Amino acid sequence: MDKGTIIFHKKFRFSDGESGEKLLIILNTFKGLSIPHLCCKTTSKQKYNLINPGCYSDRNIYIINEKQDFFHLKTWIQFEEIYELNAKDLLDAHCNGFVEVKGKLKENTVNSIINCVKKSQDITNYQLSLLS
C-alpha cells in the first residue's frame, strides 16, 4: 500500500482506545515492514465551518470536493492526529479481511494533502522524515 491509497479499516483503533470502522488515507510510500504507514482519517461531516476545498493546516484539515478522485461526497481529511500503523499488522489485517483497499488518490491530490500536513504544527519530526 503506497501513498494515496484509501483504505477502509473495519477495526480501526482510535487514540481514545475505541475501535470502529474508518476510511483512511495512507500518506507515505511503503519502505519495508519496519517502517509504519502514516494515515489520516476522513469524514463527510463538516468541520470548523470550513467548506471551500484546499488546505487549512492551522486547523489540520484538507478538504476535497465531492466527486473528486475517489470521494462521492465532500470530504474533510483530518490530520490533527497522524496515525502510525505497523506495516505488518496492516498487511495481516488486510489478509484477514479487516482492511479493504477502496481506491487511490491522484498523485497531485495526495501531494497537495502531504504538503498541507507538512505545514501543521502537530506533525512530529519523525513523521516528517517518513513523508519525504
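This short talk covers the cysteines of a predicted model and the disulfide bonding among them.

Let me begin with the bonded pair. The structure contains 1 disulfide, and the residues joined are Cys 55 and Cys 116, with a distance of 2.1 Å from S to S. In sequence the two partners lie 61 residues apart, so that the bond connects distant parts of the chain: Cys 55 belongs to strand β4, residues 54-56, whereas Cys 116 belongs to helix α2, residues 107-118.

Turning to geometry, what is the handedness of this disulfide? The torsion about the S-S bond of Cys 55 and Cys 116 is about 85°, and the disulfide is therefore right-handed.

The two ends of the bond may also be described by their accessibility. Cys 55 has a relative accessible area of 32% and is partly exposed. Cys 116 has a relative accessible area of 1% and is buried.

I now come to two cysteines outside this pair. Why is Cys 40 not bonded to Cys 39? The closest cysteine sulfur to that of Cys 40 is indeed in Cys 39, but the separation is 7.5 Å, which is too far for a bond, because a disulfide requires sulfur atoms within 2.5 Å. Cys 40 itself is buried, at 0% relative accessibility.

Cys 95 likewise takes part in no disulfide. For Cys 95 the nearest cysteine sulfur is again that of Cys 39, at 16 Å. Is Cys 95 buried or exposed? Its relative accessibility is 61%, so Cys 95 counts as exposed, the threshold for that class being over 50%.

Terms used
Residues are numbered from 1 along each chain as its sequence is written. This is a predicted model: local features need pLDDT of at least 70, side-chain atom pairs count only at pLDDT 80 or more; totals for chains, interfaces and linings use all residues. Side-chain values use heavy atoms; hydrogens and water are left out. Helices (H or I, at least four residues) and strands (E, at least two) are DSSP runs, numbered from the N terminus. Buried means under 20% relative accessible area, exposed over 50%, partly exposed in between (1.4 Å probe, protein chains only).
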